[in-house]
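Hi,

Here is the structure I promised to pass on. Have a look at it first, and then read on for what turned up.

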Amino acid sequence: MEHFTFVTACVLFAVFGLCIGSFCNVLVYRLPRGMNLAKPASHCPHCDHKLAWYDNIPLLSFVILRGKCRYCGAPISPRYFIVELANCLLWLSAALVFYRVSVWFALVCALALSVLLVMALIDMEQMFIPDSLQIALLVLAIAGVFLDAAPWQDKLYGLLLGGGIFLLFYFLCFPLFGREGLGFGDVKLMACAGLLLGWKAVFVGIVIAIAIALVDIVMKRLTAPHYKGTLPRPDADEFAFAPYLAFGIAIALFFGNALADWYAAFFIVT
């Protein structure tokens, strides 16, 4: 019976993940533009034709329509399909990993992953993180404090560590580089993430995010024609940091404590 309940929960999380993934696409498009999330109804951005319900079935509609609008034939961005699939997999992963803690904690983690996904996409396109998403992540992190088995003190230390490190870097950039080197939205993001993850996991998330960001930036600089042969400078053009942070936070949510304990074991004298 317990196995059946677990399998059922995983299936439901995957299905809801698809549906929430469709809503994530709505958020990515409408939130930065200050649009109402409910009105107008879903429509083609090219011909403005209102989409029928069967044009909004996650994944299936994109495949059936072959990535084109039913009414005008304009191409539909593959991002819609990718986001729906990614969110489905994130929700399924949350169920697989956190269901043993509690189904409610798994739900909080799944929703937090969706918020991180939307944050990353909006920051990539618009170079900012809406405060409404920060508030949503904060509410989920607070709920996680009560639902997780970890001590609440670890969560509080995580908030102070995650937010503190990025706040310090935020203020240091002004005397060091004479400019803002980090958006304050990233500071708020890491404070909320620290409350969700706890101090050990958020530290792992920060390390992963910075490492991936550095590798990606260096590779882009070395391969881009106008940067070829040079390394990135501290005063280089702005870039979206939230996608790297979101990825690091997601990895830390699943494996952060285990990775921290594994690393700490090397320094324990037996």
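Let's start with the second largest pocket, which has a volume of about 730 Å³. Keep in mind throughout that this is a predicted model. The pocket's lining is made up of 34 residues, and the ones nearest its centre are Ser42, His43, Leu51, Asn56 and Tyr80. If you sort the lining of this second largest pocket by class, you get 22 nonpolar, 8 polar and 4 charged residues. Three helices each put at least two residues into that lining: α1 (2-30), α2 (60-64) and α3 (79-98). Of the lining, α1 supplies the largest share, with 6 residues.

Next, the largest nonpolar core. It has 61 residues, and the members that touch the most others are Phe98, Leu116, Met119, Leu137, Phe166, Leu189 and Met190. Quite a list of helices gives at least two residues each to this core: α1, α3, α4 (103-126), α5 (131-147), α6 (152-177), α7, α8 (199-223) and α9 (242-265). The largest share of the core comes from α4, at 15 residues.

Leu137 is a good place to zoom in. Leaving aside residues up to four places away in sequence, Leu137 is in contact with Ala112, Val115, Leu116 and Met119, and also with Leu189, Cys192 and Ala193.

While you are in that area, take a look at Gly185. This glycine sits in helix α7, which covers residues 184-197. With residues up to four places away in sequence again left out, Gly185 touches Ile129 and Gln134. I also have a distance from Gly185 to Ala252: the two are 67 residues apart in sequence, and their C-alpha atoms are 20 Å apart in space.

Last, the cysteines. How many disulfides are there? The count comes to 0. Cys10 is in no disulfide, and the nearest cysteine sulfur, in Cys88, is 11 Å away. Is Cys10 buried or exposed? Cys10 counts as buried because its relative accessibility is 8%, under the 20% cut-off.

And why does Cys109 have no bond to the closest cysteine sulfur? That sulfur belongs to Cys10 and is 14 Å from the one in Cys109, so the two are too far apart for a bond. Cys109 has 0% relative accessibility and therefore counts as buried too.

That's the lot from my side. Over to you!

Cheers

Technical notes:
Residues numbered from 1 in each chain as written. Predicted model: local features only at pLDDT ≥ 70, side-chain atom pairs only at ≥ 80, totals over all residues. Heavy atoms only, no water. 1 Å grid on protein atoms, 1.4 Å probe; cavity = no way out; pocket = protein on both sides within 12 Å on 5 of 7 lines; lining within 4 Å. Points joined across faces, edges and corners; volume = space filled by probe spheres on them. Helix = DSSP H or I, 4+ residues; strand = E, 2+ residues; numbered from the N terminus. Nonpolar A, V, L, I, M, F, W, Y, C, P; charged D, E, K, R; others polar. Contact = heavy atoms within 4.5 Å. Core = buried A, V, L, I, M, F, W, Y, C linked by side-chain atoms within 4.5 Å. Buried < 20%, exposed > 50% of the residue type's maximum accessible area, 1.4 Å probe, protein only. Disulfide = S-S within 2.5 Å.
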